[in-house]
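Subject: Handover of a structure and findings

Dear colleague,

Please find below the sequence and structure that I am handing over to you. My notes on the findings follow directly after.

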Amino acid sequence: MNSRSVSWLAWSVCGVTLLVLILSMLLIFLGWSTPLPRGWTPWRDQIVISLGTIGAPILGGLIASRRPRNAYGWLWLGFGLALALQSLAMSYESYTLVVEPGSLAAPRTISDVLGLGAQVVLTLAPLLILLFPTGRLPSRRWRPLPWISTVAG
């Protein structure tokens with residue numbers, strides 16, 4: 001792929017991630033006035049989680065668009081997308097089960113599928129630390145660690 005299409009791909013993934021976050025925040029704002037049951041993540045905390053996620057896809061887009069061969073930027077894009085999906089799972093479930101029951105389809109199923117972003121986050125987090133800053137492992141001795149992290153995730 002040429003550098004222009006790789007840059008377009010990186011920014012497209014960033015844009016999709018930001019759209020998912022916007023959708024999550026829209027559901028949060030629509031349900032803001034409805035109290036959530038005890039034990040559920042409060043609306044305020046869901047907004048903080050969504051806003052805190054914005055940096056990951058932007059950082060990934062910047063790195064991946066300028067250094068497409070560096071895996072570090074692509075990891076940040078994947079990490080940000082997984083966090084955004086996890087945020088959408090929380091807000092979708094809260095809105096569909098508490099605010100407007102039955103308004104959206106299959107709340108538990110969709111929430112469970114989107115919630116798989118948590119496993120992706122747990123899988124990618126150690127790789128973000130291992131591959132910093134070059135996008136490569138420090139040496140050959142480190143090769144088993146990413147495999148262990150990926151299998152465990």
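With which residue does D45 form a salt bridge, and how far apart are the closest N and O atoms? The partner of D45 is R44, and the closest N and O atoms are 3.2 Å apart. Please bear in mind throughout that this is a predicted model.

**Salt bridges**

The count of salt bridges comes to two. In the pair just described, D45 is partly exposed because its relative accessibility is 28%, whereas R44 has a relative accessible area of 55% and is therefore exposed. The other salt bridge joins the side chains of R108 and E93, with an N to O distance of 2.7 Å. R108 belongs to helix α5 and E93 to helix α4, so this pair ties together parts that are 15 residues apart in sequence.

**The surroundings of E93**

E93, in helix α4, also takes part in a polar contact: its side chain meets the side chain of S111 at 3.4 Å. When neighbours within four places in sequence are left aside, E93 is in contact with W40, V98, R108 and S111.

The contact with W40 leads to the loop between α1 and α2 (43–53), where W40 lies. W40 counts as partly exposed because its relative accessibility is 27%. Not counting residues up to four places away in sequence, W40 touches E93, S94, L97 and V98. As a longer-range reference, the C-alpha atoms of W40 and W147 are separated by 34 Å, and these two residues are 107 residues apart along the chain.

**Nonpolar cores**

The largest nonpolar core has 16 residues, and the members that touch the most other members are L27, W43 and L88. Two or more residues of this core are given by each of the elements α1, α2 and α4. Its largest share, seven residues, comes from α4.

Which residues does W43 contact, leaving aside its neighbours within four places in sequence? They are L27, I28, G31, W32, T34, L36, S94, Y95 and V99. Apart from the largest core lies another core, of twelve residues, among them Y72, L75, F79 and L130. As general background, nonpolar side chains tend to be buried together in soluble globular proteins.

**T96 in helix α4**

Is T96 buried or exposed? T96 is buried, because its relative accessibility is 0%. This residue is placed in helix α4 (residues 71–99). A polar atom of the T96 side chain lies 2.8 Å from the backbone oxygen of Y92. Beyond residues up to four places away in sequence, T96 touches P101, G102, L104 and P107.

**Backbone points to check**

Two backbone features deserve a mention. Most residues other than glycine have a negative phi, and most peptide bonds are trans. A106 is not a glycine, yet it has a positive phi of about 40°. A106 is found in the loop between α4 and α5 (107–114), and its relative accessible area of 38% is why it counts as partly exposed.

The peptide bond from F132 to P133 is cis, with omega near -5°. P133 is situated in the loop between α6 (117–130) and α7 (144–152).

**A nonpolar surface patch**

Which residues make the nonpolar surface patch of about 420 Å²? The patch is made by M1, W8 and L9. M1 is found in the segment before α1, and it is exposed because its relative accessible area is 77%. L9 is in helix α1 (residues 3–31) and, with 34% relative accessibility, therefore counts as partly exposed. The C-alpha atoms of M1 and L104 are separated by 39 Å, the two residues being 103 residues apart along the chain.

**In brief**

Helix α4 recurs in these notes: it gives the largest share of the largest core, holds T96, and holds E93, whose side chain meets that of R108 in a salt bridge.

Yours sincerely

Key: Residues numbered from 1 in each chain as written. Predicted model: local features only at pLDDT ≥ 70, side-chain atom pairs only at ≥ 80, totals over all residues. Heavy atoms only, no water. Patch = residues over 30% accessible without salt bridge, like charges linked within 9 Å, V, L, I, M, F, W, Y side chains within 5 Å. Areas by Shrake-Rupley, 256 points an atom, 1.4 Å probe, with all protein chains shown as cover. Salt bridge = Lys/Arg side-chain N within 4 Å of Asp/Glu carboxyl O. Helix = DSSP H or I, 4+ residues; strand = E, 2+ residues; numbered from the N terminus. Buried < 20%, exposed > 50% of the residue type's maximum accessible area, 1.4 Å probe, protein only. Polar contact = N/O pair within 3.5 Å; in protein donor to acceptor, adjacent residues only side chain to side chain. Contact = heavy atoms within 4.5 Å. Core = buried A, V, L, I, M, F, W, Y, C linked by side-chain atoms within 4.5 Å.
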